[in-house]
Amino acid sequence: MKQGLFFVLEGVDGAGTTSQSRHLASSLQKLGKRAHVTAEPSQGPIGSLLRQILQRRLVVPARDGSRFPSWNTMALLFAADRLDHLESEIVPMLQEGITIICDRYYHSSVAYQSVTAVVSDQAAQWIDQINRYARRPDLTVVLDVSFAVAQQRRRMRHGRELYESDSLQQKLCDVYKNIEKYLASEAIVHIDAEASFNRVAQDLLERVSELYNR
Ligand SMILES: Nc1ncnc2c1ncn2[C@@H]1O[C@H](COP(=O)(O)OP(=O)(O)OP(=O)(O)O)[C@@H](O)[C@H]1O
Ligand SMILES: [Mg+2]
């Protein structure tokens, strides 16, 4: 049986990866394709641990009180969750011929953990290495938005997560703009995600459809 296609949506917080992933899955289903949307952190055990950390519900004891796990611990947890997610959900479904749309993948690790690391270029290389066994997507679409637009969209939602400080988000915008620099020889395209929701959805569907016709 022909394997399903593996698509990843990426971008800064507020770029629209969650809403566009869901919309893309339903558009593909309306076209008669089997499509499944999933997200990182996953619903598995390591994913739920990560979500607790991101929502500041779990902190690590330290001599002077408590702290958040450091960037390298986070990178390893995300890499472990990714392999578990692949094994339990993504790969079996791809083998059944189902298209997978994943809201964030190792590009997020490269971006988020390297901007929180001490020396970010070296960190990106190491993050790439620890994700070496993670299956490569058939296509990654980066939703490009400026810092200001993303900030405005984040304000429409509730709760502030660990990585949502303004200074960090500004750095993330810069990393996402040139994410290919860290992930050479990968199938990555950028879409202008400052356009209306429907315009972005249409661009995304066009990009993805090209792979079905290959
Ligand atoms: N093209 C768009 N135009 C206007 N609003 C949008 C657009 N895309 C998404 N939004 C809105 O912006 C907000 C953030 O979108 P969404 O939650 O999908 O972003 P996200 O990238 O998944 O963020 P995070 O990574 O933090 O989960 C939502 O309220 C969503 O409806
Ligand atoms: Mg989201």
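Is Arg56 buried or exposed, going by its C-beta neighbours inside 10 Å? Arg56 counts as exposed, because it has just 12 C-beta neighbours inside 10 Å and the cut-off for exposed is 12 or fewer. Keep in mind for every view here that this is a predicted model.

**View 1. Arg56 and its positive phi.** Look for Arg56 in the loop between helix H2 (45-54) and strand S3 (60-62). Most residues other than glycine have a negative phi, and most peptide bonds are trans. Arg56 goes the other way: its phi is positive, about 60°, although it is not a glycine.

**View 2. Ser185, another positive phi.** This one sits in the loop between helix H7 (166-177) and strand S7. Ser185 isn't a glycine, yet its phi is positive, near 55°. Ser185 counts as exposed because 7 other C-beta atoms lie within 10 Å.

**View 3. A cis peptide bond at Pro41.** Glu40 and Pro41 are joined by a cis peptide bond, with omega about -10°. To find Pro41, go to the loop between strand S2 and helix H2 (45-54).

**View 4. The five-stranded sheet.** Strands of a sheet pair through backbone hydrogen bonds, either parallel or antiparallel. Here, five strands make an open sheet with parallel pairing, and the order across the sheet is S2-S5-S1-S6-S7. At the edges you'll find S2 (35-39) and S7 (188-192), each pairing on one side only. On average, neighbouring strands of the sheet are turned by 20° against each other, direction ignored. Zoom in on S1 (residues 6-10) and S6 (residues 139-144), and you can follow their parallel pairing over four bridges. Glu10 is the residue that stands opposite Val142 in S6.

**View 5. Two helices lying across the sheet.** Helix H3 lies across S1, S2 and strand S5 (99-103), and runs at about 155° to S5. Helix H8 lies across S1, S6 and S7, running at about 165° to S6.

**View 6. Phe7 and its surroundings.** Phe7 belongs to strand S1. Phe7 counts as buried because it has 26 C-beta neighbours inside 10 Å, and 20 or more is the cut-off for buried. Skipping neighbours within four places in sequence, Phe7 has contacts that include Thr99, Ile100, Ile101, Leu139 and Val208. Leu77 makes a nice landmark: Phe7 and Leu77 are 70 residues apart along the chain, and their C-alpha atoms are separated by 22 Å.

**View 7. The largest nonpolar core.** This core has 47 residues, and Ile101 and Leu143 are the ones with the most contacts inside it. Helix H3 (residues 71-95) gives the core its largest share, six residues. What does Leu143 touch, leaving aside its neighbours within four places in sequence? Among its contacts are Leu9, Ala15, Gln20, Ile191, Ala193 and Val200.

**View 8. The shell around ligand 1.** Ligand 1 is surrounded by 15 residues, and the closest are Asp13, Gly16, Thr18, Ser19 and Arg153. Helix H1 (17-30) and helix H8 (197-212) are the elements that give two or more residues to this shell. The largest share, three residues, comes from H1. Sorted by class, the shell has seven polar, five nonpolar and three charged residues.

Definitions and conventions. Residues numbered from 1 in each chain as written. Chains lettered and ligands numbered in written order. Predicted model: local features only at pLDDT ≥ 70, side-chain atom pairs only at ≥ 80, totals over all residues. Core = buried A, V, L, I, M, F, W, Y, C linked by C-beta atoms within 7 Å. Contact = placed C-beta atoms within 7 Å. Near = placed C-beta within 6 Å. Nonpolar A, V, L, I, M, F, W, Y, C, P; charged D, E, K, R; others polar. Pairing = 2+ DSSP bridges. Axes fitted to C-alpha atoms, helices over the stretch in contact; angles between N-to-C directions.
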